[in-house]
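Let's take a walk through this protein together, starting from the outside and working inward. Please have a look at the chain below before reading on.

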Amino acid sequence: MMRLRALMLVLTALFASLAAPARAAERALVLDVNGVIGPAIADYIVRELHGASPDKVGVVVLRMNTPGGLDTSMRQIIGAILASPVPVVTYVAPSGARAASAGTYIAYASAIAAMAPGTNVGAATPVQLGGPMLPGGSADQKKSEKSGDAADTETRKVVNDAIAYIRSLAAINGRNADWAADAVRSAVSLPATEALSLHVIDVVADDVPDLLGKIDGRTVTVAGKPKQIATAGLTVVNVTPDWRTELLTLVTNPNVAFILLLIGVYGLILEFFNPGAVAPGLIGSICLVVALYALALLPVNYAGVALVLIGIGLMIAEAHIGAFGAIGVGGIVAFVIGALMMFPADVPGLQLSSAVVIGTAIASAALFVLVLAVLLRSRKRPVVTGGEALIGAAGEAVAWHGREGRVSIKGELWRARAAAPLQAGAAIKVVDRDGLVLVVEGA
């Protein structure tokens, strides 16, 4: 009887464990997107979304304050959001923050779009790198549309593609597609309260706990399927960028990438001129590889890169040719123009700092002047090696007969001749050289 009762208790516990619901998620991950959306931010968000498990993470909150960024990085983030099994909430915060350009697309792709009071969203007109920006509904735009030139056609392609893309994102989450199209076409922007009334966003919240309370129980689209989210009582966990993201952020900064490129080029040049120095070549190679990696991730005008390298080459050529500064000045001009052209000026946060351009130009010019001064000074110094070094050297006659004999110069015995007879032991001075015979005279 005791055994039967024990068996029944075991079976009851087993059936209860099988019938019990799966353990609810306990955490809400908060990822801070603060600044330009580039390769580093995209890597950070995509890695965290891929690592988020639905049984542990109830929701991922992207706390955003961005002026925009790169189209490629934005699309990587959106792809990860749409594929994530965990609901993603874009929360424009704190007060005073914005989700402009790429930030608007990410908000539209998210299961929930939210804003803090005093924030704004919009201005989603894409910037065509290396080409004109869309003026946005102006008379110039209408005039250019009639002109039918290639540049304007390309601009319209980019804008129409962006409109279709943001409309498709709006359809997934049931948001205002018409306003999204205007945000792309005319770069319009909205504050939080108006965005909520126009159904651009889903909620206005003061902070993350307030946000989690207001979205609890809502049904959203997650990985293409409807899902009711439970966010009340979730533990808020802030996930800060790790060293990898910080390093990638530093390397992909246009100013850092540009300086690394210069260090790499100058390091290799110094190694070529001083073989065996090791340190310049080693440092230069590392910096050049890192710079090329960063430039491959950034929108770069390669004509600008070519002009920078040509400018460096011209300054080096000036130091060796000595064209009275004409080639060197041309090199400095090419260097500055190339640096200004190298990165797009219209993409927020990806411009090359004017201080960096001026500073590197001055440093390059100073290096060029220093090398030129050293070369000019070396030309004025007397020759200390070779046959020319013997001219003017003093010595003494060792043995002499008539107008020919042997002399000692710098510890060496030479055959010599003179215009007048000399005596052995007499002081002499070399005035010329004829092959292996020195022409001397009495000192």
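How much of the accessible surface of the protein chain belongs to carbon and sulfur atoms? The answer is 63%, out of an accessible surface of about 23,000 Å². Keep in mind as you read that this is a predicted model.

Now for the overall build. The protein chain holds 15 helices and 16 strands, and 42% of its 443 residues count as buried. If you take the contacts between residues at least 6 apart in sequence, 64% of them join residues at least 24 apart.

Moving inside, you will find that the largest nonpolar core has 55 residues, and Val60, Leu62, Tyr105 and Ile106 are those with the most contacts inside it. Helix 6 (residues 150–173) gives the most to this core, contributing seven residues. Leu62 is a good place to pause: beyond its neighbours within four places in sequence, its contacts include Leu31, Val33, Ile45, Ile81 and Ile106. A second, separate core has 31 residues, among them Leu70, Leu262, Leu352 and Val357.

Two of those partners of Leu62, Ile45 and Ile81, also lead us to a pair of helices. Helix 2 (residues 39–51) and helix 3 (residues 71–83) have axes that come within 9 Å and cross at roughly 10 degrees. Angles under 35 degrees count as roughly parallel, so helix 2 and helix 3 are roughly parallel to each other. On the helix 2 side, the contact is made by Pro39, Ile41, Ala42, Ile45, Val46 and Leu49, while helix 3 brings Ser73, Gln76, Ile77, Ala80 and Ile81. In character, the residues of this contact are nine nonpolar and two polar, with no charged ones.

Technical notes
Residues are numbered from 1 along each chain as its sequence is written. This is a predicted model: local features need pLDDT of at least 70, side-chain atom pairs count only at pLDDT 80 or more; totals for chains, interfaces and linings use all residues. Side-chain values use heavy atoms; hydrogens and water are left out. Helices (H or I, at least four residues) and strands (E, at least two) are DSSP runs, numbered from the N terminus. Buried means under 20% relative accessible area, exposed over 50%, partly exposed in between (1.4 Å probe, protein chains only). Contact means heavy atoms within 4.5 Å. Accessible areas come from the Shrake-Rupley method with a 1.4 Å probe; for residues, only the protein chains shown count as cover. A nonpolar core is a set of buried Ala, Val, Leu, Ile, Met, Phe, Trp, Tyr and Cys residues joined through side-chain atoms within 4.5 Å. Axes are lines fitted to C-alpha atoms, for helices over the stretch in contact, and angles run from 0 to 180 degrees between N-to-C directions. Angles under 35 degrees count as roughly parallel, over 145 as roughly antiparallel, 65 to 115 as roughly perpendicular and the rest as oblique. Ala, Val, Leu, Ile, Met, Phe, Trp, Tyr, Cys and Pro count as nonpolar, Asp, Glu, Lys and Arg as charged, and the others, Gly among them, as polar.
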